[in-house]
Amino acid sequence: MAARMKHAALALALWMGAFAGACGSSTPPPETAADKNDFDGESSPDEGKATADAEGAKPAKPGKDAEAQEHQEEPAAPAKSTPLQATKFEADLKKIGINLKKIPALEKLPAGQKKKVMPLLQKALGYDTCEGCHVEGDFKKETRNMKVAREMWRNFVAPLRSESGGTLFCDSCHAGNEHVLNRKDKKALQAFMEEEYQNKVSRASKEDMECGTCHGDAMETKIIEKLWNIPK
Ligand code: HEC
Ligand code: HEC
Ligand code: HEC
């Protein structure tokens, strides 16, 4: 009951936020930043911190100039947000020795397990090489995508489960893609969030799943940037 009221209030807040943006309040509409980020992949002036690290964290497409050219027009965001799927890696994770009932933080895994998990991360995100997250020749050098991966693991993979209580891994949401959200249509995105991320995800703690489970009580939509403090 309380959860439902909270949800209604959050939806309303988001809705009003959209209007405030459209009416030209001093805060830019969320669409602006999100679309820019999704569609041109270039830094705007206030994104000046997207440095060599971020470059190194982009999916590598080695020696495919022609192909890259061909796909240049293709936007990073999918036409429709990617629905949840059952993870394909449950058996692999078990074999690696990860306790799926109580998944530790990525950084807490013993070195051997950590190494074996890496190819699964690569496949789940659909990266051609390890350079989707790492800089060439230095797996220790911190990149933006490493930071994001660690937090996705800590905040989603470790405490959340599938609808039936099974493992929710990176590929459950990513399905072989780095970008899984279409943020253009806010109403469609909110419906997607409710149908997929709220209703088809559960918590290891068995507590209710709400928007705030991921977005925080203040319903921060920019989870990566604002809740996890990882700059663009
Ligand atoms: C989705 C992002 C991602 C991808 C893709 C990825 N890694 Fe990693 N990798 C990480 C993160 C995050 C860490 C740091 C974990 C920690 O905090 O201990 C890490 C750590 C490592 C380390 C340990 C470095 C150290 O501190 O000693 C090795 C080795 C490594 N990765 C190898 C690989 C290899 C090989 C691949 C490709 C098969 C790969 N990684 C793909 C995110 C990724
Ligand atoms: C509950 C669903 C969910 C799970 C589980 C999940 N992610 Fe994500 N991830 C997202 C969403 C949503 C985005 C934003 C995608 C977009 O903008 O299209 C995202 C974005 C990312 C990005 C790109 C960040 C950026 O700003 O470009 C990386 C890298 C990433 N996730 C790695 C991982 C890794 C590694 C795992 C597993 C440890 C994981 N994710 C698990 C939902 C999830
Ligand atoms: C399982 C975790 C999870 C749940 C539950 C969840 N979301 Fe999200 N949501 C995400 C992630 C991850 C992103 C991408 C965040 C980012 O880019 O920093 C996102 C993005 C969004 C965005 C787009 C923000 C933007 O500026 O582009 C909206 C709007 C949103 N969610 C609304 C909701 C609503 C409403 C609910 C509840 C019905 C909800 N979400 C439930 C994980 C979740």
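This passage describes the surroundings of three ligands in a predicted model, together with one buried glutamine.

The iron atom of ligand 1 comes first. Its protein donors are Met118, through SD, and His134, through NE2. Both lie 2.0 to 2.3 Å from the metal. The site has six donor atoms, with angles of 83 to 179° among them, and is octahedral. The two protein donors come from distant parts of the chain. Met118 sits in helix α6, which covers residues 111-125. His134 belongs to the loop between α6 and α7. The two residues are 16 residues apart. Their accessibility was also computed. Met118 has a relative accessibility of 28%, so the residue counts as partly exposed. His134 has a relative accessible area of 10%, and is therefore buried. The cut-off for buried is under 20%.

Helix α6 also holds Gln113. Gln113 has a relative accessible area of 17% and is therefore buried. Neighbours within four places in sequence were set aside. Beyond them, Gln113 is in contact with Ile96, Gly97 and Ile98.

Ligand 2 is surrounded by 21 residues. The nearest are Met152, Cys170, Cys173, His174 and Arg183. Two helices, α7 (144-157) and α8 (170-174), each supply at least two residues of this shell. The largest share comes from α7, with eight residues. By residue class, the shell holds 16 nonpolar, three polar and two charged residues. Oxygen atoms of ligand 2 also have polar partners in the protein. The side chain of Arg144 places an N or O atom 3.0 Å from an oxygen atom of the ligand. For Arg183, a polar side-chain atom lies 2.6 Å from an oxygen atom of ligand 2. Val180 takes part through its backbone, where an N or O atom lies 2.8 Å from an oxygen atom of the ligand.

Ligand 3 also contains an iron atom, coordinated by Met193 (SD) and His215 (NE2) at 2.0 to 2.4 Å. Six donor atoms surround this metal, and their angles run from 83 to 179°, so the arrangement is octahedral. This pair, too, links distant parts of the chain. Met193 lies in helix α9, residues 186-198. His215 lies in helix α10, residues 211-215. The two are 22 residues apart. Met193 is partly exposed because its relative accessibility is 21%. His215 is buried, because its relative accessible area is 12%.

The shell around ligand 3 was examined next. There are 22 residues around this ligand. Arg183, Met193, Cys211, Cys214 and His215 come nearest. Four helices each supply at least two residues of the shell: α1 (2-22), α9, α10 and α11 (223-227). Helix α9 gives the most, with six residues. The shell divides into 13 nonpolar, four polar and five charged residues. Polar partners of ligand 3 include side chains and backbone. An N or O atom in the side chain of Arg183 is 2.8 Å from an oxygen atom of ligand 3. A polar side-chain atom of Lys186 lies 3.4 Å from an oxygen atom of the ligand. Ile223 places a polar backbone atom 2.9 Å from an oxygen atom of ligand 3.

Arg183 thus appears in both shells. Its side chain has a polar atom 2.6 Å from an oxygen atom of ligand 2, and an N or O atom 2.8 Å from an oxygen atom of ligand 3.

Terms used
Residues numbered from 1 in each chain as written. Chains lettered and ligands numbered in written order. Predicted model: local features only at pLDDT ≥ 70, side-chain atom pairs only at ≥ 80, totals over all residues. Heavy atoms only, no water. Near = heavy atom within 4 Å. Polar contact = N/O pair within 3.5 Å; in protein donor to acceptor, adjacent residues only side chain to side chain. Nonpolar A, V, L, I, M, F, W, Y, C, P; charged D, E, K, R; others polar. Donors = N, O, S within 2.8 Å, 3.2 Å for Na, K, Ca; no water. Tetrahedral: all angles 85-135°; square planar, octahedral: opposite > 155°, others 65-115°. Buried < 20%, exposed > 50% of the residue type's maximum accessible area, 1.4 Å probe, protein only. Contact = heavy atoms within 4.5 Å.
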